Number of protein chains: 2
Amino acid sequence: MATLGDIGLAAVFNIGSAFVFLLAFAILRLQPFNDRVYFPKWYLKGLRSSPTHGGAFVKKFVNLDFRSYIKFLNWMPDALKMPEEELIDHAGLDSAVYLRIYLMGLKIFVPIAILSWTVLVPVNWTNSTLVTAAKLANITASDIDKLSISNIPLGSQRFWAHIVMAYAFTFWTCYVLLKEYATVADMRFHFLQTERRRPDQYSVLVRNVPPDPDESVSELVEHFFLVNHPDNYLTSQVVYNANKLASLVEKKKQMQNWLDYYQLKFSRNSTNKPLMKTGFLGLWGKKVDAIDHYKSEIENVSKEIAAEREKVTCDPKSIMPAAFVSFKTRWAAAVCAQTQQSRNPTLWLTDWAPEPRDVYWPNLAIPYVSLTLRRLIMGVAFFFLTFFFMIPITIVQSLASIEGLEKVLSFLKPLIEVKVIKAFIAGVLPGLALKLFLIFLPTILMIMSKFEGFISLSSLMRRSAARYYVFNLVNTFLCSVIVGSALQQLKSFINQSPSQIPKTIGMAIPMRATFFITYIMVDGWAGIAGEILRLKPLIIYHLKNFFLVKTEKDREEAMDPGSLEFNTGEPQIQLYFLLGLVYATVTPVLLPFILVFFALAYVVYRHQVINVYNQEYESAAAYWPDVHGRIITALVISQVLMMGLLATKHAAQSTPFLIALPILTIYFHSFCKGRYEPAFIRYPLEEAMMKDTLERARDQNLNLKSYLQNAYLHPVFKGEDDDEDEEIDGIKWETESELVPTKRFSQRNTPVPSKIGSSPPPSQHGTNRISNL
Amino acid sequence: MATLGDIGLAAVFNIGSAFVFLLAFAILRLQPFNDRVYFPKWYLKGLRSSPTHGGAFVKKFVNLDFRSYIKFLNWMPDALKMPEEELIDHAGLDSAVYLRIYLMGLKIFVPIAILSWTVLVPVNWTNSTLVTAAKLANITASDIDKLSISNIPLGSQRFWAHIVMAYAFTFWTCYVLLKEYATVADMRFHFLQTERRRPDQYSVLVRNVPPDPDESVSELVEHFFLVNHPDNYLTSQVVYNANKLASLVEKKKQMQNWLDYYQLKFSRNSTNKPLMKTGFLGLWGKKVDAIDHYKSEIENVSKEIAAEREKVTCDPKSIMPAAFVSFKTRWAAAVCAQTQQSRNPTLWLTDWAPEPRDVYWPNLAIPYVSLTLRRLIMGVAFFFLTFFFMIPITIVQSLASIEGLEKVLSFLKPLIEVKVIKAFIAGVLPGLALKLFLIFLPTILMIMSKFEGFISLSSLMRRSAARYYVFNLVNTFLCSVIVGSALQQLKSFINQSPSQIPKTIGMAIPMRATFFITYIMVDGWAGIAGEILRLKPLIIYHLKNFFLVKTEKDREEAMDPGSLEFNTGEPQIQLYFLLGLVYATVTPVLLPFILVFFALAYVVYRHQVINVYNQEYESAAAYWPDVHGRIITALVISQVLMMGLLATKHAAQSTPFLIALPILTIYFHSFCKGRYEPAFIRYPLEEAMMKDTLERARDQNLNLKSYLQNAYLHPVFKGEDDDEDEEIDGIKWETESELVPTKRFSQRNTPVPSKIGSSPPPSQHGTNRISNL
């Protein structure tokens, strides 16, 4: 086991790299030519524009004001300044609540860390089990182990301290969880209540419309809802199968990019016309004039698009058995979404419509029977993915070894024998296979979720996150604790008794503390610091900027603000919750490392949310029940492992006290589920009615029908993408401006306003609207 | 292990006792003075009246027509004659669907029995493993074991026959289950659709009305629903805490019974006035004139009742935070029941109101937090009840032994030493303790369900049935298979590996076949035949008839038709499903015994439902998902045990094929759950709307408000009990008559119309109503 010195070395190394990342970030972000990489959110909001006007040429690209380099960490307080209400206003509820997860980490673990250091560390330290054992075995006990539960002799009465602490930690965690659940539920209701009028408030997604020989889908939907919701039905929109059309539009866009590239090249160097080869990847084939080639190609694709568009709108086969149905009031939409329409519960399935941006169009037409079957298949596939993923990787690794390569590709033998290449293959390739798999894992899980038929991006994200969490739990946590592959574990678990499993894992837990401390420093400290540097978007932006950008609008498109990746980010946080809760009673030394992670991540992500990320959709924190549930899982795991550990320590008389803990925790979970989960699934009629009444008083002659007419059109039908973007922006924009009726100026909180360029005054929509109330 | 001869002996004995019961029933039911015991249903429906008029005196009590004794089994075809539609009309959907469970048993097991006898019996029989083994051990192998899977040598290829059969049985069972689920769901919808107007169709039960300092509960409810369902709200009724009042009324009724008894006694023998003692149980105290005493007591109680009634209606504290809210349309009620009303999902809880007869009044005021807590407590209590119930019984048994009694009650020592008493104590008492516990078990489970806070009798029944099933599974099935108490099993299961448990049980399964065959004959054959005799109601009726009955109305009340006891009956059937499915592949010999049970039980209960039972409530077969789920459980258990058994038979290569079975079965279950379960929980808006439209067309100037005004009054407020009964009868009566628009005469199907007395013509309400349509 590692000594304090080893840990210290690793800490120095990781703190060093984190420091390098932060320093690089501090320098890069001050350069005006990186402005769009590090502050895209403000550009998208129209509160910041390119530093093109005024100043010397150099100043446009490099920041020469040396004073600004001195305070290179001052983005941190800036990131913390913006109040939460304004953050919701600025970046949406999803992001604001996501940051609360990190904050909750601090809320849970700061008191736990203090308590365990004041109580458990002295209790553990003042024993001499390890020293004695070490003397006997003639080795030195590490200091970290002296602070852990391993230092307590078998059957000691001191274990009562750990049991009492386990109770204290559980109660504190549950208390924080309860408070947070209540707060987030309130925030969600407040958000929904103050939100501007949006199509999804009035709409319901109907799926599995039964086929009818006499009526078209749209007629059928209209008739059904006119009959069953006669006083409330307003209008409906059928869903077109426009997947092919969408891919054509995408193709056209790419060709346009190439055209732009060649035109730019030509304009810079007008002497020789750019040529290109028509073959695969431009590597062979006939040489043609690139500009003419792409122009004619674009023309062809445009014709194809027109034909496909015609076909989709006219052919009844391209109408899917699904529709967005809109009602006259929010109350009626809430009613329709929450009730069963037809005798056959698999037909006329109604769900609260996702907001238009959030819809995942390709999945809207999957029939019910296929849905359950898909879920079964994916369940089995995920089981194999989790427990057997090492098998193909081992095969790849064996192939990627030197002997394997020589066997398969014998003609490469002379090359492989070269010393440098040999070293590369032996040292890097096997690891690369695993690394590549892990990089592609979120994509694989996302494809699996798509296959399962979820209809909104937010639910796809949630499902992927759940799967990623389980994968992490098995393959990162459990496999690191009991060194061995998931498959080996599965085998041994099937053949072990249920009471033996927690003992096996529990016994291994204290011994792996140093490993996890290193893991936290690499993944949590340096990784998070690397996140803020945005190396990949930085490079891509500058490449695009150089090769493609002609107009300001192009530059806008070249920005890649990205967004919070819930499907990978949240499971990562959950791993820290798990580690913290498991080690709180066992090896309190680990807790400060986790605290640093939560604090650093909170600041970094708050900065990113404010300045960089641009959320693609808004689910109003619908993911919170998942977050809550996983922390409860971590709590139960920690309790069971504690039970197993103490059983191996001959402290069996304590078992009854520990058995009560998971039972109480699960009961607490079921209570929370009943009390708060409906807030994230259903829209209470009371709220809907209140909002309807307010709106009726405010806006008496509103033409709702025309407002909702085309709200749920497939994106490709909305003319060009630009129009769509504008519309969405319009919607979001007004939403935000109505949220907080305050005169506070938004740019006051823009962290480190760019030296060059000025921000426009805050939204006028908002203030006008508020004064109209 | 028992030989065929032993089984034959047991069969003869049990068939004999079943025969005796049936013969006794055949004789007793033909006696006119037993008519009200064996045909109470017809009296309650008013289609049969007491045989008082005409004929000789003797004929009134004893049937002297000897021809009727010859065909003593002809009630059987009579019981089967009534078509199902008319049965629903006659006894309600609950009873009709309950009978379908037995029928489903036949549907599932007849083909399975045929298949396993034609395939598995020859496969098993043509081996000589047991013969060889027996020769070696010098014992004789029993014939039954030769027919079972035990006769196949280890690692034989013949096990594939069993695997294929396991698949066939699973598919067949699932097919029947699917068909039945669809049929029952359709029957339920048809029943609800054709049902007469009933208060519960328009009403919703609201619980957890939040306290309000300014408004009373009834005002608050009215305001809330006027705001949130403005177009649909009609009226509401608050719930009074009338539990004390109800017990007073009950007390008065008992005293009235005693008064009647003494008055009858006096009228028969008017020479000496009946006297009684006022002390405990009339054993000591002052002697008083009994009639005067009870008259004055009744007067006192009446006063108390009046005072309490006054208090309940005026004191705001006796109003519970719950109300029955009625709407103008069924559509609106369905909407309200299926939606969430308030931001806080634990307030304003709305549920589809149970029908007035079905409401369990004392539980209406339990708050949400308390509900989850109660559920937790009962969960833990049930766990202990299931696994530790042997502990108190063992203590009681040790006390009830001779040494125990002598120690505790030493003064009884001389008495105990008497030989007869000693034998009695040694032989009977220990068994008696267990028997008493098992008799009281359903009551204990019912009390537990009541404590959990269910609000309708039907849901109480369902919950008790679920618990009783689990108890049976653990303590009857598992404990019989692996001889040992539940606690011992629990211990060994915790310490065994998950793959070992099915092996242990699976291995024991074939060896216990003969035990279960005997069990089926005792519990299933003789027990069911005993049910039809109705010994207890027979005795009680005659006692009451002799001591209490003065008028025809009294006689009506003395009848105890009873009802189908879902909470004990259904778990019993499930045990047979479990045995059948488990032994179908292992010991096919068991199947015919199960077939006889299902057939006999179907006929007997069909007879009872037609002639005897009077259901207390109608839940429209809401219990079917439970029945379905438990058969699926039995199927999965049988598959896992088969897997375990084959693993011990060195047929490990077959495991992958068997693992797929439970996965497919569970998938099938989840499919059925999604497809059919909602039919038993929610009321689809399409159906509600259809019924509303029909009614509007039919009955244009209906005063719904006055109809619903007092529908959900606590029974004690409806004047005397009689009024309530009449009202309920009225409702049910018309319901039934509207169901089947046919001119068929009901009494055509009255089995064996009593020789004396005539039945009135069929309901005139019904025919009038139908002709009005």
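**Exercise 1. The interface in pairs and patches**

How many residue pairs are in polar contact across the interface of chain A and chain B? Work that out, then describe the side of chain A that touches chain B.

*Solution.* Keep in mind that this is a predicted model.

Step 1. Start with the polar contacts: across the interface of chain A and chain B, the rule finds 18 residue pairs, both partners at pLDDT 80 or more.

Step 2. Now look for the helices behind chain A's side. Several helices each supply at least two residues there, among them H10 (159–194), H15 (330–338), H31 (655–676) and H32 (685–698) of chain A. H31(A) gives the most, with six residues.

Step 3. Sort the residues on that side by character: you get 23 nonpolar, 17 polar and six charged.

**Exercise 2. How much area gets buried?**

Find the area buried between chain A and chain B, and pick out the residues of chain A that lose the most.

*Solution.*

Step 1. Count who takes part: 46 residues come from chain A and 47 residues from chain B.

Step 2. Read off the area, which is about 4000 Å², with carbon and sulfur atoms giving 59% of it.

Step 3. Look at chain A's side: Gln340(A), Arg343(A) and Tyr667(A) lose the most area to chain B, together 18% of what that side buries.

**Exercise 3. Salt bridges, between chains and within chain A**

Count the salt bridges over all chains and across the interface, then follow two of those inside chain A.

*Solution.*

Step 1. Over all chains, the count comes to 36 salt bridges. Across the interface of chain A and chain B there are four. For an example that joins the two chains, take Arg343(B) and Glu687(A), whose side chains meet at 2.9 Å, N to O.

Step 2. Go inside chain A. Glu180(A) bridges to Arg100(A), with the closest N and O atoms 3.0 Å apart. Glu180(A) sits in helix H10 and Arg100(A) in helix H7 (residues 93–125), so this pair ties together parts that are 80 residues apart in sequence. Both Glu180(A) and Arg100(A) are buried. They also belong to a network of salt bridges that links Glu84(A), Arg100(A), Lys107(A) and Glu180(A).

Step 3. Try Glu695(A), which bridges to Arg330(A) with the closest N and O atoms 3.2 Å apart. Here the partners lie in helix H32 and helix H15 of chain A, so the bridge ties together parts that are 365 residues apart in sequence. Is the pair buried or exposed? The cut-off for buried is under 20% relative accessible area. Glu695(A) has 12%, so it counts as buried, and Arg330(A), at 1%, is buried as well.

**Exercise 4. Glu695 in chain B**

Which residue does Glu695(B) meet in a salt bridge, and where do the partners lie?

*Solution.*

Step 1. The partner is Arg197(B), at 3.0 Å, N to O.

Step 2. Place them both: Glu695(B) is in helix H33 (residues 685–698) of chain B, while Arg197(B) is in the loop between helix H10 (159–194) and helix H11 (199–202), 498 residues apart.

Step 3. Check the accessibility: Glu695(B) is buried at 13%, and Arg197(B) is buried at 15%.

**Exercise 5. Around one serine**

Where is Ser458(A), and which residues beyond its sequence neighbours does Ser458(A) contact?

*Solution.*

Step 1. Ser458(A) is in helix H22 (residues 457–481) of chain A.

Step 2. With 6% relative accessibility, Ser458(A) counts as buried.

Step 3. Leave aside the neighbours within four places in sequence, and Ser458(A) is in contact with Asp358(A), Tyr617(A) and Ser619(A).

Methods. Residues numbered from 1 in each chain as written. Chains lettered and ligands numbered in written order. Predicted model: local features only at pLDDT ≥ 70, side-chain atom pairs only at ≥ 80, totals over all residues. Heavy atoms only, no water. Helix = DSSP H or I, 4+ residues; strand = E, 2+ residues; numbered from the N terminus. Buried < 20%, exposed > 50% of the residue type's maximum accessible area, 1.4 Å probe, protein only. Contact = heavy atoms within 4.5 Å. Buried area = accessible area lost by both parts, 1.4 Å probe. Polar contact = N/O pair within 3.5 Å; in protein donor to acceptor, adjacent residues only side chain to side chain. Nonpolar A, V, L, I, M, F, W, Y, C, P; charged D, E, K, R; others polar.
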